[in-house]
Amino acid sequence: MKARTITLTIILLMLSVAVQTRLVIEGTSTVNTSSGDWEGLNITRNSKTHFIFRNNSVISSNFSGYMLHAGDEQAGPENNNLDGQIITGNKFQWIGKKNAK
């Protein structure tokens with residue numbers, strides 16, 4: 001009985017991982033020259049996604065917004081769709097000026 005429970009658990013875990021979308025962004029370079037508002041690299045969060053953002057460069061001169069938008073600030077139906085995301089080895093450089101407002 002114990003072996004069946006373990007086997008069933010492993011199968012269910014494998015199925016739950018297989019249903020997720022896999023998104024890997026690696027080794028890219030993004031330069032934003034807009035001096036206004038920029039929402040950054042906006043990662044879709046409308047379905048369960050195994051997201052990896054590794055060894056990228058993002059340079060931006062915007063005065064407000066994001067450089068990488070990979071999550072939510074408020075409760076909503078898309079919350080937790082990027083659980084377990086991996087963001088590592090990246091370079092984020094802001095070269096903008098303070099907003100004069």
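**View A. Gly-36 and the residues it touches.** In this predicted model, Gly-36 is in contact with Asn-62, Phe-63 and Ser-64, if we skip its neighbours within four places in sequence. You'll find Gly-36 in the loop between β2 (29-32) and β3 (37-38). Take Ser-64 as one of those partners: along the chain, Gly-36 and Ser-64 are 28 residues apart, yet in space their C-alpha atoms are 6.8 Å apart.

**View B. An open sheet of three strands.** Reading across this sheet, the order is β1-β5-β9, and the pairing is parallel. Which strands sit at the edges? They're β1 (21-26) and β9 (86-88), and each of them pairs on one side only. From one strand to the next, the twist averages 5°. As a general reminder, strands of a sheet pair through backbone hydrogen bonds, either parallel or antiparallel.

**View C. Where β1 meets β5.** How many bridges join β1 to β5? There are six, and the two strands run parallel, with β5 covering residues 49-54. For a single example, pick out Leu-23: its bridge partner in β5 is Phe-51.

**View D. The largest nonpolar core.** Phe-51 turns up again here, as one of the nine residues in the largest nonpolar core. The other members are Trp-38, Ile-43, Phe-53, Val-58, Met-67, Leu-68, Ala-70 and Leu-82.

**View E. Zooming in on Val-58.** What is Val-58 in contact with, once its neighbours within four places in sequence are left aside? Its partners include Trp-38, Phe-53 and Met-67, which are also members of the core. Val-58 is in contact with Thr-30, Leu-41, Lys-91, Phe-92 and Gln-93 as well.

Technical notes. Residues numbered from 1 in each chain as written. Predicted model: local features only at pLDDT ≥ 70, side-chain atom pairs only at ≥ 80, totals over all residues. Heavy atoms only, no water. Core = buried A, V, L, I, M, F, W, Y, C linked by side-chain atoms within 4.5 Å. Buried < 20%, exposed > 50% of the residue type's maximum accessible area, 1.4 Å probe, protein only. Contact = heavy atoms within 4.5 Å. Pairing = 2+ DSSP bridges. Helix = DSSP H or I, 4+ residues; strand = E, 2+ residues; numbered from the N terminus. Axes fitted to C-alpha atoms, helices over the stretch in contact; angles between N-to-C directions.
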